[in-house]
Amino acid sequence: MIVMAKKVILTGDRPTGNLHLGHWIGSLESRVELQSTYDQYVMVADVQALTDYFGNPKKVVDNVLEIVADYLAVGIEPELTTIFIQSEVSALPELTAYYMNLISVSRLERNPTVKAEIEQKGFGESIPTGFFCYPLSQTADITAFKAELIPVGEDQLPMIELTNEVVRKFNRLYSTDCLKESEAYLSSVGRLVGIDGKSKASKSLNNAIFLSDSPEIIREKVYSMFTDPGHIRISDPGKVEGNVVFVYLDAFCDEKEEISLLKEKYSRGGLGDTTLKSLLNDVLQKKLKPIREKRESLSKKYLFDICFEGTQKAKSVAQKTLQEVKEAIGIDYFYKNPCDSRVF
Ligand code: TRP
């Protein structure tokens with residue numbers, strides 16, 4: 001019997017805050033689904049987070065186990081998914097060092113995501129090198145595990161494009177095939193809007209419902225959601241489009257027929273925001289209860305052990321790729337028999 005190796009999937013999250021409903025429908029759900037058919041790695045990207053928070057490392061460190069708790073709470077299983085911590089895998093910065101030779105500064109400057117971030121952070125002329133090079137560190141993350149599928153949002157597409165450029169250059173230059181090209185796996189679900197209706201749900205904008213939120217907080221957030229400012233009396237016709245409550249009902253309520261009837265009624269007039277919010281609150285409370293309970297049942301020790309074991313495995317896989325990379329360049333001095341005259 002021929003056993004086909006499972007394809008490798010790799011994703012990562014910066015540990016800078018708890019995960020919210022946007023992460024859940026945008027990426028966590030697909031990770032849960034993909035873990036049984038792929039060899040899945042999920043990385044806690046603390047090194048990448050430090051490119052932003054090097055002045056406040058505590059913020060990153062404190063969120064490592066939090067994010068792992070979120071993973072396990074939604075159903076990512078340590079038996080099926082390797083969860084690991086980026087900073088522990090020293091093969092990653094080593095690979096980055098070799099990749100840096102292959103990519104020019106101006107090529108990195110052309111990355112639209114990085115460009116937007118430079119603008120947004122107001123770096124001006126003093127862009128930290130660590131920040132500037134993080135797409136190459138991401139290239140190392142992806143190639144170290146020979147990942148072929150990268151489930152990410154659209155803003156990450158330039159990183160995958162860069163990765164494939166490095167892979168092709170490296171393989172050609174050093175006549176090897178040790179690095180693999182990868183492709184993005186874009187979620188079919190768009191970005192979830194924040195409860196304020198203004199932009200995407202995000203921790204920094206304080207407009208998201210977190211997987212760890214208490215029932216009271218969830219309720220409060222649902223009741224503060226942006227609806228239709230023109231919908232004043234119950235009898236007034238209301239707007240469905242741009243109405244956050246409907247966006248969330250579409251995303252989280254399984255009773256699609258009921259929603260479409262509610263939309264009709266709301267547009268016609270005669271359906272109050274409070275009735276609608278109370279329905280959404282019920283839906284979210286029901287969905288988030290088991291997640292919160294699972295989250296609360298996980299001890300720190302258990303989360304730590306999961307990270308430790310996953311990291312050991314990740315280290316050995318990445319080390320093997322590093323070895324191949326060094327061999328391809330010809331700097332594998334001590335892997336070969338030291339008496340081999342080819343080297344010394
Ligand atoms: N850049 C990703 C983010 O900000 C995190 C990340 C780091 C990542 N390394 C990765 C994602 C490798 C996919 C593959 O969320």
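# A walk through the model, from a loop to the ligand

Let's start in the loop between α8 and β4, which is where Lys146 sits. This is a predicted model, so read what follows as a description of a prediction. Lys146 is worth a look for its backbone: its phi is positive, about 50 degrees, although Lys146 is not a glycine. Is Lys146 buried or exposed? Neither label fits, because its relative accessibility is 21% and buried means under 20%. Lys146 therefore counts as partly exposed.

Asn206 does something you can put beside that. It also isn't a glycine, and its phi is positive at about 55 degrees. You'll find Asn206 in the loop between β5 (183-186) and α10 (215-223). With a relative accessible area of 61%, Asn206 is exposed. Stay in that loop for a moment, since Ser202 is found there too. Ser202 has a relative accessible area of 10%, so it counts as buried. What does Ser202 touch, once its neighbours within four places in sequence are left aside? Its contacts are His20, Asn207 and Ala208.

Now step back and take in the whole protein. There are 14 helices and 5 strands, and the C-alpha trace spans about 90 × 50 × 40 Å along its principal axes. The protein has 344 residues, of which 47% count as buried. About 17,800 Å² is exposed, and carbon and sulfur atoms supply 54% of that. As for how the chain meets itself, take the contacts with a separation of 6 or more: 75% of them come from residues 24 or more positions apart.

Next, the ligand. There are 13 residues around it, and Arg14, Gln48, Gln138, Asp141 and Gln156 come nearest. Three of these can be followed down to the atoms. Arg14 puts a polar side-chain atom 3.1 Å from an oxygen atom of the ligand. For Gln48, a polar side-chain atom lies 2.7 Å from a ligand nitrogen atom. Gln156 likewise has a polar side-chain atom by a nitrogen atom of the ligand, at 3.0 Å. How much of the ligand does the protein cover? On its own the ligand has 370 Å² of accessible area, and the protein covers 88% of it. The elements that give two or more residues to the shell are β1 (8-13), α8 (134-144) and β4 (149-152). By residue type, the shell divides into 6 nonpolar, 5 polar and 2 charged.

One of those ligand neighbours takes us into a helix. Gln48 is among the buried residues of α2 (residues 46-53), along with Asp46, Ala49 and Thr51. What covers the buried residues of α2? The cover includes β2 (39-44), α3, β3, α7 (129-132) and α8. Here α8 turns up again, having already given residues to the ligand shell.

Just past β4, in the loop between β4 and α9, is Gly153. Gly153 is partly exposed, because its relative accessible area is 29%. Gly153 and Ile127 are 26 residues apart along the chain, and their C-alpha atoms are separated by 24 Å.

Finally, turn to α14, residues 300-329. Does its length fit what you'd want from a helix? Its 30 residues should span 44 Å at 1.5 Å a residue, and the end C-alpha atoms are 42 Å apart, which agrees. The buried residues of α14 are Leu303, Ile306, Cys307, Gly310, Thr311, Ala314, Ala318, Thr321, Leu322, Val325 and Lys326. An α-helix has 3.6 residues a turn, so residues three or four places apart point the same way. Keep that in mind as you read along the list of buried positions. They pack against α3 (57-74), β3 (81-85), α4 (91-100), α8 and α9 (157-173).

The two ends of α14 are worth a glance as well. Lys300 is in this helix, and it is exposed, with a relative accessible area of 64%. Lys300 and Leu280 are 20 residues apart in sequence, while their C-alpha atoms are 32 Å apart in space. After α14 comes Gly330, whose phi is positive, near 100 degrees.

Note on methods. Residues are numbered from 1 along each chain as its sequence is written. This is a predicted model: local features need pLDDT of at least 70, side-chain atom pairs count only at pLDDT 80 or more; totals for chains, interfaces and linings use all residues. Side-chain values use heavy atoms; hydrogens and water are left out. A residue is near a molecule or strand if one of its heavy atoms lies within 4 Å of it. A polar contact is a pair of N or O atoms within 3.5 Å; within protein, one must be able to donate a hydrogen and the other to accept it, and residues adjacent in sequence count only if both atoms are side-chain atoms. Accessible areas come from the Shrake-Rupley method with a 1.4 Å probe; for residues, only the protein chains shown count as cover. Helices (H or I, at least four residues) and strands (E, at least two) are DSSP runs, numbered from the N terminus. Ala, Val, Leu, Ile, Met, Phe, Trp, Tyr, Cys and Pro count as nonpolar, Asp, Glu, Lys and Arg as charged, and the others, Gly among them, as polar. The expected span of a helix is 1.5 Å times one less than its number of residues. Buried means under 20% relative accessible area, exposed over 50%, partly exposed in between (1.4 Å probe, protein chains only). Contact means heavy atoms within 4.5 Å.
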